[in-house]
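This report is an introduction for a reader new to the model shown below. Its topics are a core, a pocket and a few single residues.

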Amino acid sequence: MTRYSIDPDRSELIAAWGTGEGDLATRVATLPAEAGTSVLLGLARALSHLSDAAWRTYTHPASAAGSQEPNSEAWRRKRERGHFGEALDAIAKPNLPSGGSMVVSYSP
């Protein structure tokens with residue numbers, strides 16, 4: 001599972017993976033220098049939580065939970081896995097405020 005951290009001195013987002021013999025790390029992105037450390041730590045925490053949730057869908061597949069009847073554990077796991085594309089879209093094109101307002105869609 002990928003863990004994320006920041007290097008505040010270089011304003012960089014770092015990704016790290018355990019290998020069993022130590023950790024490997026790589027720079028993922030250069031971060032805005034004007035962003036505060038607490039905001040950047042929040043970003044690293046959120047990405048680490050997302051990575052953990054994604055990893056769990058692989059280690060706990062729907063097929064291992066038995067029946068896939070509606071509202072079952074297997075059904076829930078399959079739906080979670082199906083939302084990966086939405087998570088990637090939200091990261092690539094976040095719904096951020098524009099001109100002082102944010103558009104929010106509601107599904108009836």
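A nonpolar core is a set of buried Ala, Val, Leu, Ile, Met, Phe, Trp, Tyr and Cys residues joined through side-chain atoms within 4.5 Å. Buried here means under 20% relative accessible area. The structure is a predicted model.

**The core**

Six residues make up the largest nonpolar core: Ile-6, Leu-13, Leu-31, Leu-40, Ala-44 and Leu-47. Helix 1 supplies the largest share of this core, three residues. One member of the core, Leu-40, is in contact with Ile-6, Leu-31 and Ala-35, when its neighbours within four places in sequence are left aside.

**The pocket**

The volume of the largest pocket is about 400 Å³. Its lining consists of 18 residues, and those nearest the centre are Tyr-4, Leu-47, Leu-50, Leu-88 and Ile-91. Two or more lining residues come from each of strand 2 (12–18), strand 3 (23–30), helix 1 (37–59) and helix 3 (84–92). Which element gives the most to the lining of the largest pocket? Helix 1 does, with six residues. Sorted by class, the lining has 16 nonpolar residues and two polar ones, and no charged residues. Leu-47 is thus named twice: it belongs to the largest nonpolar core, and it is among the residues nearest the centre of the largest pocket.

**Single residues**

Three residues outside these two lists of names are described next, beginning with their accessibility.

| Residue | Relative accessibility | Class |
|---|---|---|
| Ser-72 | 18% | buried |
| Glu-73 | 33% | partly exposed |
| Gly-85 | 37% | partly exposed |

Ser-72 sits in the loop between helix 1 and helix 2. Why does Ser-72 count as buried? Its relative accessibility is 18%, and buried means under 20%. A polar atom of the Ser-72 side chain lies 2.9 Å from the backbone oxygen of Ser-67. On the other side of Ser-72 in sequence, the backbone nitrogen of Trp-75 lies 3.2 Å from a polar atom of the Ser-72 side chain.

Glu-73 is part of helix 2, which covers residues 73–82. Because its relative accessibility is 33%, Glu-73 counts as partly exposed. From C-alpha to C-alpha, Glu-73 and Ala-62 are 7.5 Å apart in space, and they are 11 residues apart in sequence.

Gly-85 belongs to helix 3. With a relative accessibility of 37%, Gly-85 also counts as partly exposed. Along the chain, Gly-85 and Val-28 are 57 residues apart, and their C-alpha atoms are separated by 20 Å.

Technical notes:
Residues are numbered from 1 along each chain as its sequence is written. This is a predicted model: local features need pLDDT of at least 70, side-chain atom pairs count only at pLDDT 80 or more; totals for chains, interfaces and linings use all residues. Side-chain values use heavy atoms; hydrogens and water are left out. On a 1 Å grid over the protein atoms alone, a cavity is a set of points where a 1.4 Å probe fits but cannot get out, and a pocket is an open set with protein on both sides within 12 Å along at least five of seven lines; lining residues have an atom within 4 Å of a point. Grid points are joined across faces, edges and corners, and a volume is the space filled by probe spheres set on the points. Helices (H or I, at least four residues) and strands (E, at least two) are DSSP runs, numbered from the N terminus. Ala, Val, Leu, Ile, Met, Phe, Trp, Tyr, Cys and Pro count as nonpolar, Asp, Glu, Lys and Arg as charged, and the others, Gly among them, as polar. Buried means under 20% relative accessible area, exposed over 50%, partly exposed in between (1.4 Å probe, protein chains only). A polar contact is a pair of N or O atoms within 3.5 Å; within protein, one must be able to donate a hydrogen and the other to accept it, and residues adjacent in sequence count only if both atoms are side-chain atoms. Contact means heavy atoms within 4.5 Å.
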